[in-house]
Amino acid sequence: MNSLLLRNVRPLGGAPVDVLIEHGHFAAFGPGLPVPPAAAIEDGQGALLLPGLIEGHTHLDKSLWGMGWYVNECGPLLTDRIDNERHQRRALGLDPRRQSRRLADDFLALGTTRIRSFADVDTEIGLSHLHALLELRQDRVGVQDIQVIAFPQSGMLGRPGTLDLMTQAMADGADVVGGLDPSGIERDPKGHLDAIFALAERFGRPVDVHLHERGELGAFALELVAERTQGLGMGGRVVASHAFCLGDVALGRQAGLLAMLARAGVAIATTAPASRNVPPVAACRAAGVTIFGGNDGIRDTWTPYGSPDMLTRAMLIGLKNEFRRDDQIAMALDCVTGAAALGCGFANHGLAVGARAEAVLVDAQTVAQAVVGQPPRRLVIAGGRIVARDNALC
Ligand SMILES: [Zn+2]
C-alpha cells in the first residue's frame, strides 16, 4: 500500500484537515481530500497531529533500559562516573546491540522518528559500541533516522590509541565527530579541539562536543569551538551539548557568547536538567542560536532518570525555562521537533508537503496540552506507514 489518507486531524492544533501520504512523503494537506484508489484510510477523529519527534542527544549504546534495576553507588565526580561506567559495563554484561535496539523501539513507539546518539569509543571496547549503532542505523533506514556520533567518553588525548580509534570510527561510517570537556577532562583544550576539528575536516563530518564545564572555563571552550567553526566554514554543522556555562555567566557575558555562537553557526543541545544552570531557550532563540533537546543518558550508570518519551523531555525543558504561556511551551516542543532537525541536520522533517511522512497523533486540544500531559500516542507514522498504535509498535 503506497497511499495513506489521514482523515480529520489538526496539525499542531490548527483547523481540521485531511493528510495524504504517498510513497513515504506528505503529498497534500487540506479539507475533504479525495480518496486515491487503493489508499488506506485512517480516521483521526479530530486529534492533534504532531511532527515526528526527535531525540537530539542520547546514548543508546549504554542504556540499561529493560534490564534489572542498577543500584547506583557511584562517586560524585565526572571522572568517578567515567571510571564506574568502564567497570560496570563489564560487570553487568552490557550488550550495546540489544540495548540500543530496545531503546530505539520504545522511542519509535512513542513517536520519535529521528535519533542522534553517541557511541562510546575507547581502548577497552574499541569500536564495538559504534558498530552496534551503525548496524541499528542500517536496519532502521526508511523508518527511524539514526545519527551515530563517535564519542571518546573516557578521554582521548590522555588515553593513547583513542585518537586512532576515533579516526577508524569515522572511516567506518560514523556520522558525527564527538568531543568532550576539552579542559576539564582532556586538560588540553587547544589540543583536543584541534584534533576533533581535524577529523571533521578530513572526513567532511559535523562535530558535537559535550561541554559540561562551568562558568568561564566553559565560556572559554565555547569561544574555541566558535573560532574553529568559523575558521573551517562549518557553521550549521557544530553542536555544543549541555553548555551549562551559558546559564552560569552574567547576562551581559551570556549575550556576548550567544551573539558569537549565532555568528559562528554553533547550535546548542540541552537536556534542561533540574539540578543545573542551563542555556536559556528563549534567549538562545532570540539571539539566533539554534537550541534543541535531548535526554542525554537514559537509565544508565550515569543517571537513573530519563525515558524514551520526547514529550516528557519537552515538558522538562518548559519547566526549567519557566514556560507558562502556550506560545512559550510551543518553543519547548520545537526543541524536540523543528529546531532539533535544524541543529542535527535531519533533512525533510516537518508537517509539510514533500517532507518525509512522520507524524504522531495524540488526543489533545493544543500543542501545550500535549507537552504538559504527554497523552498516549494514538498513532505513529514513520516512513509513510503506521508503525505504532497506543504506545505499542504494530
Ligand atoms: Zn551525553
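Strand S2, which spans residues 17–22, runs antiparallel to strand S3 and is joined to S3 by 5 bridges; in this predicted model, one of the pairs in that ladder sets isoleucine 21 opposite phenylalanine 26, its bridge partner in S3. The two strands belong to an open sheet of 8 strands with mixed pairing, whose order reads S3-S2-S1-S4-S13-S14-S15-S16. Strand S3 (25–30) and strand S16 (392–393) stand at the edges of this sheet, and because each has a single partner strand, one side of each is left without a neighbour in the sheet. As in sheets at large, strands pair through backbone hydrogen bonds, in either the parallel or the antiparallel sense.

Phenylalanine 26 appears again in the surroundings of glycine 350, a residue of the loop between helix H12 (338–344) and strand S13 (359–362). Leaving aside neighbours within four places in sequence, glycine 350 is in contact with Phe26, Pro51, Ala355 and Arg356. The C-alpha atom of glycine 350 is separated by 8.6 Å from that of leucine 50, although these two residues are 300 residues apart along the chain. With a relative accessibility of 15%, glycine 350 counts as buried, because the cut-off for that class is under 20%.

A further set of strands, S6, S7 and S8, can be followed through the pairings of S7. Strand S6 (residues 112–120) pairs with S7 in the parallel sense over 7 bridges, and among these pairings arginine 116 has glutamine 147 as its bridge partner in S7. Between the two strands the chain passes through helix H3 (residues 128–139), and the resulting β-α-β crossover is right-handed. On to the next strand, S7 is joined by 2 bridges to strand S8 (residues 176–180), again with the strands running parallel, and here isoleucine 149 has valine 176 as its bridge partner in S8. S7, helix H4 (residues 162–171) and S8 likewise make a right-handed β-α-β unit. Strand S7 (residues 145–151) has 6 of its 7 residues buried, so this strand is largely enclosed by the rest of the structure.

Helix H4 contributes buried residues of its own, namely Thr162, Leu165, Met166, Thr167, Ala169 and Met170. These are covered by elements that include H3, S7, S8 and helix H5 (189–203). An α-helix has 3.6 residues a turn, so residues three or four places apart point the same way. Just after H4, glycine 173 takes a positive phi of about 120°.

Returning to S6, threonine 112 lies in this strand and is buried, with a relative accessible area of 0%. Which residues does threonine 112 touch, not counting those up to four places away in sequence? The contacts are Leu53, Ile54, Glu55, Phe107, Gln144 and Met310.

The open spaces of the model can be taken in turn. The largest pocket holds about 870 Å³ of space and is lined by 36 residues, of which Phe244, Pro273, Arg276, Asp296 and Thr303 lie nearest its centre. Helix H1 (78–91) and helix H10 (310–320) each supply at least two residues of this lining, and H10 gives the largest share, with 4 residues. By class, the lining of the largest pocket comprises 12 nonpolar, 14 polar and 10 charged residues.

The second largest pocket has a volume of about 160 Å³. Its lining includes Leu64, Trp65, Gly66, Met67, Gly68, Trp69, Tyr70 and Asn72, together with Arg299, Asp300, Thr303 and Pro304. Thr303 is thus named for both pockets, as one of the residues nearest the centre of the largest and as part of the lining of the second largest. Here the residues divide by class into 6 nonpolar, 4 polar and 2 charged.

Apart from these open pockets, the model has 1 cavity of 30 Å³ or more, with a volume of about 40 Å³. The residues that line this largest cavity are Lys62, Leu64, Glu85, Arg89, Leu94 and Thr301, and they divide into 2 nonpolar, 1 polar and 3 charged. Leu64 therefore serves in two linings, because residues with an atom within 4 Å of a point are counted as lining, and Leu64 is listed both for the second largest pocket and for the largest cavity.

Conventions
Residues numbered from 1 in each chain as written. Predicted model: local features only at pLDDT ≥ 70, side-chain atom pairs only at ≥ 80, totals over all residues. Heavy atoms only, no water. Pairing = 2+ DSSP bridges. 1 Å grid on protein atoms, 1.4 Å probe; cavity = no way out; pocket = protein on both sides within 12 Å on 5 of 7 lines; lining within 4 Å. Points joined across faces, edges and corners; volume = space filled by probe spheres on them. Nonpolar A, V, L, I, M, F, W, Y, C, P; charged D, E, K, R; others polar. Buried < 20%, exposed > 50% of the residue type's maximum accessible area, 1.4 Å probe, protein only. Right-handed = clockwise from strand over helix to strand, strands pointing away. Contact = heavy atoms within 4.5 Å.
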